[in-house]
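Here is my note on this structure. Please keep the sequence and the model open while you go through the points.

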Amino acid sequence: NDGATILKSLYMDNPAAKILIDMSKTQDDEVGDGTTSVTVLCGELLRAAEKLLDQSIHPQTIIEGYRDAVKIANARLVELTEDHGSNAKLFHEDLIRIAKTTLSSKILTIERS
């Protein structure tokens with residue numbers, strides 16, 4: 001059920017598909033998890049871009065819109081961020097929650113096999 005493994009086994013000559021495969025490989029190499037989620041997200045962004053292209057919206061306008069969206073999303077994430085680095089108890093609780101979240105998808109995949 002590993003997205004990177006599935007995508008690595010495919011041969012694609014479509015440029016967009018090649019980008020998705022390369023992106024998935026990079027995600028796997030850099031993070032080691034989240035390849036399926038990243039591929040699905042990027043696939044949906046490409047699908048949305050295609051609809052905008054069909055409406056004769058210039059590719060540079062679409063790209064600029066995505067860049068603006070990234071800035072807005074990053075700003076919102078910064079607003080929502082809580083720094084518990086100075087509080088050992090809260091920091092430890094954060095680390096436990098992060099570990100549980102990270103491992104839960106892998107454990108569920110193993111249990112389903």
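1. Start with burial. Of the 113 residues in the protein, 14% are buried. Keep in mind that this is a predicted model.

2. Next, the fold. The protein has five helices and zero strands. Along the sequence the pattern reads α-α-α-α-α. Take the contacts with a separation of 6 or more: 31% of them join residues 24 or more positions apart.

3. Now the surface. About 9,100 Å² of the protein is exposed, and carbon and sulfur atoms supply 61% of that area. Ile-6, Leu-10 and Met-12 make a nonpolar surface patch of about 240 Å². Met-12 sits in the loop between α1 (3-8) and α2 (15-30). Met-12 counts as partly exposed because its relative accessibility is 31%.

4. Look at the largest pocket. Its space comes to about 330 Å³. Two elements each give two or more residues to the lining: α3 (35-54) and α4 (59-80). Helix α3 gives the most, with seven residues. The lining residues include Leu-41, Cys-42, Ala-49, Glu-50, Ile-63 and Tyr-66.

5. Pick out one lining residue, Ile-63. Ile-63 belongs to helix α4. With 33% relative accessibility, Ile-63 is partly exposed. Ile-63 and Ala-49 are 14 residues apart along the chain, and their C-alpha atoms are separated by 8.7 Å.

6. Then the charges. Side chains of opposite charge can pair when their charged atoms come close. The whole structure holds five salt bridges. One of them joins Arg-47 and Glu-44, at 3.0 Å from N to O. Arg-47 and Glu-44 are three residues apart in helix α3, so about one helical turn separates them. Arg-47 is partly exposed at 45% relative accessible area. Glu-44 is partly exposed too, at 40%.

7. Turn to helix α4, where Arg-76 and Glu-79 lie three residues apart, about one turn of the helix. They form a salt bridge, with the closest N and O atoms 2.9 Å apart. Arg-76, at 44% relative accessibility, is partly exposed. Glu-79 is exposed, with a relative accessible area of 57%.

8. Finish in helix α5 (residues 88-112), which holds Asp-94 and Arg-97, three residues apart. Their salt bridge brings the closest N and O atoms to 2.5 Å. Is Asp-94 buried or exposed? Asp-94 is buried, because its relative accessible area is 18% and the cut-off for buried is under 20%. Its partner Arg-97 is partly exposed, at 48%.

Methods:
Residues numbered from 1 in each chain as written. Predicted model: local features only at pLDDT ≥ 70, side-chain atom pairs only at ≥ 80, totals over all residues. Heavy atoms only, no water. Patch = residues over 30% accessible without salt bridge, like charges linked within 9 Å, V, L, I, M, F, W, Y side chains within 5 Å. Areas by Shrake-Rupley, 256 points an atom, 1.4 Å probe, with all protein chains shown as cover. Salt bridge = Lys/Arg side-chain N within 4 Å of Asp/Glu carboxyl O. Helix = DSSP H or I, 4+ residues; strand = E, 2+ residues; numbered from the N terminus. Buried < 20%, exposed > 50% of the residue type's maximum accessible area, 1.4 Å probe, protein only. Contact = heavy atoms within 4.5 Å. 1 Å grid on protein atoms, 1.4 Å probe; cavity = no way out; pocket = protein on both sides within 12 Å on 5 of 7 lines; lining within 4 Å. Points joined across faces, edges and corners; volume = space filled by probe spheres on them.
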